[in-house]
Amino acid sequence: MFLSLLGWAVYSLVQHKLCSLAAILILTLAYWTRAYLKSPFRAQQIPGPFLGKFTNAYRWYYIMRHTWHRDLMDLHKKYGPIVWIAPNEISVSDPSLRNVIYGFQNHKKDFTFFRKSPSYETGSINQDFSFIFEQDPERARLGKYHMSHFYSEQGLLNLEENFDKAVDELIEGLDKHHVKTGTPCKMVDWAEFFALDLVAQITADQSAGFCLAGKDVNDTAYGTRVIIKTVGSLMPLPWVLTATSRAIRQTLLLRFLINLYRNVLLLPTFAFDTGAADLISLKDRNPKHLLAKFYNAQSNMREHYPNGNQAEGTTIQIFNLIAGAVGVVPHTQVKLIHELTLHPEVLQKIREELQTTGDTFRLEDYLPYNNRQNKYPIFESAVREAVRLWPAVAFSLSRVVPPSGCQLHQYHIPPGYNVGMAAYQVNYDEGYFGSDVAQFRPERWLEDHPTQMLGGEKRSMKNYIEAGWLTFGSGGRVCIGRHLAMFMMMKFTAAVVREFDIRVVKQPVEYHTLMTEMLGMEVLLSRKRAV
Ligand code: HEM
């Protein structure tokens, strides 16, 4: 009976293509309409774009136009802080609701805990712990427990020598490939080369040679972009998860993943099934670097991922590192350099701060340990201002409403629906940050809040901004690489502004998929004139 029905369906599909198409269309419309009519968002009249209420394709269309981060800002301007953007998803822009969704709830109390939504599964491309995409809160907590200390400020301070080696190669490469030849330099490419070199340095104390070569050796950075863009394009489409498995997604992206590991670890024949021995010998030679720490972390997590293996479990940590360092940091880095060329007065102050420490940016002059004082307050504020205004991780950090449900202003969101906030919408909220929110004004980070008090003293703006912004996420799943990101940008920027005068010859263009990339900016560099 079933077989004859199936046979009939295939026969009609072939014979009556138009009828079948019409039937599919009608069924889809009926499905969308039924979901719309039953939606609790409709019952509460939550505002939002008409098509978004019916289909995920609405958001996907704007993501594929690469403008979604700005389009969503416009939607919030039009509809207010709570917007119905997809059949089962609400977007929230009000910073005061950040802690409702991302606050430090007890992950053991499933009744009130907001997990990462199933869309994160799209980015899971292995059988092992993959930090950013792990949805299980207990495993994510364990991962953080095993890994946060080496991504802490103190942990990274131990690797400062490696940051400086990467900086030296950056300067040598820029000199050789652009200053001496007088050719324009593509800023985002160089920020990526630096990031790849830095990852190789801090992972296993090796020089990967991207800056020295002045090119994307073996398409390594390109591979990172392909993986990130693929995940970003598919994340908003729930059916992708029905149609694929982790194994399928990994197979699709395997070539790019393996290429990353081979070129960054300088293991030209690395493969998951045979690579463990190579990794072990490399990490044994560099016990204080991240590869050794990743290896230990994966050993501690192994029992939770019986289908993975040592090589996969270790290298996926490198992928998470590369995703942050190469996929995210360079785009804010580009905007920071761009803003400094637009604000010469800020650039001048940064150069003056650097002169107080022998024209070199040293972490120990920045971090307030051992009674030291931060010698770079304006420099630090300029970097923070850039990450506030151009938060490269710009997709909605979507979470599932727990069994308790949740109250967002006048609306009650029932369990099982998704709610999310995205950094552009939150960071540009005038109500919270003030009417000059869109201006690049580093000094704001050094001021006091005009009215608020904290512990009997005036509340600093730094404290106030960090309690509201979403650049690095918030709560238990806050970005583990935020200190690394700050150090990378400060090391890169300090070196470039110390050595070179910079003239922008092509402006950056925003391009959103998963991250908001800053593409196309070109600069002419010349050796800095003495002042
Ligand atoms: C300016 C640079 C960066 C920005 C704006 C940024 C932003 C973010 C955001 C918003 C999240 C939260 C994601 C979520 O809740 O779904 C996150 C998580 C994460 N980031 Fe970053 N990131 C940056 C750099 C880095 C770097 C350099 C690394 C390298 C280690 C990194 C590694 C991670 C990891 C592993 C997570 C997942 C943490 C968890 O789920 O507990 N990020 N990042």
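Which residues are the closest to the ligand, and how many surround it? The count is 24. The closest are Tyr 120, Lys 144, Arg 399, Arg 477 and Cys 479. The model is predicted.

## The ligand site

The ligand takes up the space of the largest cavity. Nonpolar residues number 16 in the shell around the ligand. The shell also has 4 polar and 4 charged residues.

Four elements each supply at least two residues of this shell. They are helix 7 (137-151), helix 17 (310-325), strand 5 (397-400) and helix 24 (482-499). Helix 17 gives the most, with 3 residues.

## The iron atom

What does the protein offer the iron atom of the ligand as a donor? A single one: the SG atom of Cys 479, 2.3 Å away. Cys 479 is also listed among the closest residues to the ligand.

Where is Cys 479 found? This residue is in the loop between helix 23 (461-468) and helix 24. Helix 24 itself supplies at least two residues of the shell.

## Polar contacts to ligand oxygens

Side chains of Lys and Arg residues reach oxygen atoms of the ligand. For Lys 144, an N or O atom of the side chain is 2.7 Å from a ligand oxygen. Lys 144 is one of the closest residues to the ligand.

Arg 399 is another of those closest residues. An N or O atom in the Arg 399 side chain is 2.8 Å from an oxygen atom of the ligand. For the side chain of Lys 116, the corresponding distance to a ligand oxygen is 3.1 Å.

Methods:
Residues are numbered from 1 along each chain as its sequence is written. This is a predicted model: local features need pLDDT of at least 70, side-chain atom pairs count only at pLDDT 80 or more; totals for chains, interfaces and linings use all residues. Side-chain values use heavy atoms; hydrogens and water are left out. A residue is near a molecule or strand if one of its heavy atoms lies within 4 Å of it. A polar contact is a pair of N or O atoms within 3.5 Å; within protein, one must be able to donate a hydrogen and the other to accept it, and residues adjacent in sequence count only if both atoms are side-chain atoms. On a 1 Å grid over the protein atoms alone, a cavity is a set of points where a 1.4 Å probe fits but cannot get out, and a pocket is an open set with protein on both sides within 12 Å along at least five of seven lines; lining residues have an atom within 4 Å of a point. A molecule sits in a cavity or pocket if more than half of its atoms lie within 2 Å of its grid points. Ala, Val, Leu, Ile, Met, Phe, Trp, Tyr, Cys and Pro count as nonpolar, Asp, Glu, Lys and Arg as charged, and the others, Gly among them, as polar. Donors are N, O and S atoms within 2.8 Å of the metal (3.2 Å for Na, K and Ca); water is not among the atoms, so sites may look incomplete.
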